[in-house]
Amino acid sequence: MSSYAELLREMAKSGANEFTTLFLENSVRELDIGVHDHEIGNPQRVSFDLYVILEGASKPEEDQIDMVLDYEFLSSSIDRVATRGRNALLETLASELLDEIMSPAEIAAATVSIKKLDIAGIEGELGCSMTRIR
């Protein structure tokens, strides 16, 4: 599975009939990442799309932030993982970010998509997407 849409289809097959999705899209950071000599030591723009799925789609008991998962943790998760050290591969970064965003017990599944936005000699964006179901 490599996309949020595929993740929802798979979860629907499991019999669950209500979901809540929290997401952060197009969150851009400058990171020193890559395997090529010209990338090492030269930060590049990387875009993150994160989706976490919780079972259920009910109104919170109270209209208070402590009644739900504070989804600002998605942005802070990117910052925590990105500052741990340099990664050569987007796959390593995506896997570590999945570990981080799936740490709250109430999260049933998550998808992380990461794209390099400025690739020398390549038109378009290159990236990696990973999905996990608990």
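## Two helices packed together

Let's start with a helix pair: helix 2 (residues 73-82) packs against helix 3 (residues 90-101) with the axes 10 Å apart and an angle of about 135° between them. Angles over 145 degrees would count as roughly antiparallel and 65 to 115 as roughly perpendicular, and helix 2 and helix 3 are therefore described as oblique to each other. The crossing of helix 2 past helix 3 is right-handed. Please keep in mind throughout that this is a predicted model.

Which residues make the contact between the two helices? From helix 2 come F73, L74, S77, I78, R80 and V81, and from helix 3 come L93, E96, L97, E100 and I101. Sorted by class, the contact of helix 2 with helix 3 holds 7 nonpolar residues, 1 polar residue and 3 charged residues.

## The sheet

Now to the strands. The model has an open sheet of 4 strands in the order 1-2-3-4, with antiparallel pairing. Strand 1 and strand 4 (126-133) are the edge strands, each pairing on one side only. From one strand to the next, the twist averages 10°. Helix 2 comes back into the picture here: helix 2 packs on the sheet and touches strand 1, strand 2 and strand 3. The direction of helix 2 makes about 40° with that of strand 1.

As general background, strands of a sheet pair through backbone hydrogen bonds, in either a parallel or an antiparallel way.

## Strand by strand

How many bridges join strand 1 to strand 2? There are 11 between strand 1 (residues 19-31) and strand 2, and these strands run antiparallel. If you would like to trace the pairing in the structure, F19 has E55 of strand 2 as its bridge partner, while E30 stands opposite R45 in strand 2.

On to the next pair: strand 2 and strand 3 (residues 107-116) are joined antiparallel over 9 bridges. Here S47 stands opposite K115 in strand 3, and D49 has S113 of strand 3 as its bridge partner. Strand 3 is in turn joined to strand 4 by 8 bridges, again with the two running antiparallel. In that pairing, A110 is matched with R132 in strand 4.

Why can strand 2 be called largely enclosed by the rest of the structure? Because 10 of the 12 residues of strand 2 (residues 44-55) are buried. The same reasoning applies to strand 3: 9 of its 10 residues are buried, so strand 3 is largely enclosed by the rest of the structure.

## Two loop residues to look at

L69 sits in the loop between strand 2 and helix 2. Is L69 buried or exposed? The cut-off for buried is under 20% relative accessible area, so L69, at 15%, is buried. Beyond its neighbours within four places in sequence, L69 contacts L22, L54, P104, E106 and I107. K13 is 56 residues from L69 in sequence, and their C-alpha atoms are 25 Å apart in space.

N87 is found in the loop between helix 2 and helix 3. With a relative accessible area of 11%, N87 is buried too. Setting aside the neighbours within four places in sequence, N87 is in contact with D32, I33, G34, T92, L93 and E96. Among these, L93 and E96 also belong to the contact that helix 3 makes with helix 2.

How values were computed:
Residues numbered from 1 in each chain as written. Predicted model: local features only at pLDDT ≥ 70, side-chain atom pairs only at ≥ 80, totals over all residues. Heavy atoms only, no water. Buried < 20%, exposed > 50% of the residue type's maximum accessible area, 1.4 Å probe, protein only. Pairing = 2+ DSSP bridges. Axes fitted to C-alpha atoms, helices over the stretch in contact; angles between N-to-C directions. Parallel < 35°, antiparallel > 145°, perpendicular 65-115°, else oblique. Left-handed = near helix turned anticlockwise from the far one by under 90°. Contact = heavy atoms within 4.5 Å. Nonpolar A, V, L, I, M, F, W, Y, C, P; charged D, E, K, R; others polar.
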